[in-house]
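I opened this entry to look up the charged pairs and then the pocket. Notes follow in the order I took them.

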Amino acid sequence: MRLERFHQAKQAEVAALRLAAERGSLPALLTAPRPDFAAALRTPARRAPLAVVAEYKRASPSRGVIREDLDVEEVVRQYAAAGASALSILTEETYFHGRPDFLSRAAAPGLYPATPLPLLRKDFVVDEYQLHQARAAGAAAVLLIAAVLSPDECRRFARTAHELELEVLLEVHTPSELSRLNGYVDMLGVNNRDLGTFHTDVENSFRMADLLRREVGGGSGPLPVSESGISDPETVVRLREAGFRGFLMGEAFMKSGDPGRALAEFIARLKEARP
């Protein structure tokens, strides 16, 4: 199963990091205030009618290499100028060709010259060490993937993230994974891609929408986010009507070779599509 390989590879990677450096050798945890990730999704960027989380993503196991010649600092500047509400930085190395330093290069810790937007560290989190890495590198939020974590791990990692002043996006794909939901989760993402088969179906968000409304409890619970496979503005409008407030997109922009322009064009079409 592909998901098990992801998990094993990440455990080995983090174990190697622990051997190379103790947690205390990480850069001092920064005291500069972080942009609020969930708030950025509740109040979209001025130029955008809905909150797009634009992703820097070089490759994927299903698509192979998307673009490896695009500099992370330049792409995040383009995304910010085009109207993204927040950014996702893929840092997983083995399968997605990311690197942890992409996050610090996008954030420029404490200064944010690359972008003032809140950053999500997107990776397979399997150890609290990665949360400390994310905090030190400038992340505002971290991704926890329910499919690779137990309910106890989700709660422990989410609690630690909050202690580090990081927000938590919990990603689920199936109804059973909602058992990982806990009081430390700020945003609840529905992944339209099955990480076991890589089959992508945006209808998964619509199938989960009613269940999320019951589990999340309307506007008082975690903010609903739809992830993966989104490329059509009309679909985003329908997802908004179904209750989603954030829309994570990356491949559709990165593969164009000009991510900022692709996002700007998408937002222009989104303005036309929204009633």
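I am working from a predicted model.

I began with D101 and R105, whose side chains form a salt bridge with N and O 3.4 Å apart. Both residues sit in helix α4 (residues 100-107), where a spacing of four residues is about one turn of the helix. I looked up accessibility for each: D101 is partly exposed at 28% relative accessible area, and R105 is partly exposed at 23%.

I then asked which residues share a network of salt bridges with D101 and R105. They are D71, E73 and R99.

Next I counted salt bridges over the whole structure and noted 14. One of them joins K57 to E251, with 3.6 Å between the closest N and O atoms. K57 belongs to the loop between β1 (51-56) and β2 (59-60), and E251 to helix α9 (residues 251-254), so this pair ties together parts 194 residues apart in sequence.

Are K57 and E251 buried or exposed? I found K57 buried, at a relative accessible area of 5%. E251 has 16% relative accessibility and also counts as buried, because the cut-off for buried is under 20%.

I turned to E203 and R238, which meet through their side chains in a salt bridge of 3.7 Å, N to O. E203 is in helix α7 (residues 203-217) and R238 in helix α8 (residues 233-241), so the salt bridge ties together parts that are 35 residues apart in sequence. For E203 I noted a relative accessible area of 35%, which makes this residue partly exposed. R238, at 39%, is partly exposed as well.

Last, I looked up the largest pocket. I recorded a volume of about 410 Å³ for this pocket and a lining of 30 residues. Which residues lie nearest the centre of the largest pocket? They are K57, R193, S228, G229 and E251. I recognised K57 and E251 from the salt bridge noted above. Two or more lining residues come from each of β6 (141-145), β10 (246-249) and α9. I sorted the lining by residue type and got 12 nonpolar, eight polar and 10 charged residues.

I close on the pair that came up twice. K57 and E251 form a salt bridge, and both are among the residues nearest the centre of the largest pocket.

Note on methods: Residues numbered from 1 in each chain as written. Predicted model: local features only at pLDDT ≥ 70, side-chain atom pairs only at ≥ 80, totals over all residues. Heavy atoms only, no water. Salt bridge = Lys/Arg side-chain N within 4 Å of Asp/Glu carboxyl O. Buried < 20%, exposed > 50% of the residue type's maximum accessible area, 1.4 Å probe, protein only. 1 Å grid on protein atoms, 1.4 Å probe; cavity = no way out; pocket = protein on both sides within 12 Å on 5 of 7 lines; lining within 4 Å. Points joined across faces, edges and corners; volume = space filled by probe spheres on them. Nonpolar A, V, L, I, M, F, W, Y, C, P; charged D, E, K, R; others polar.
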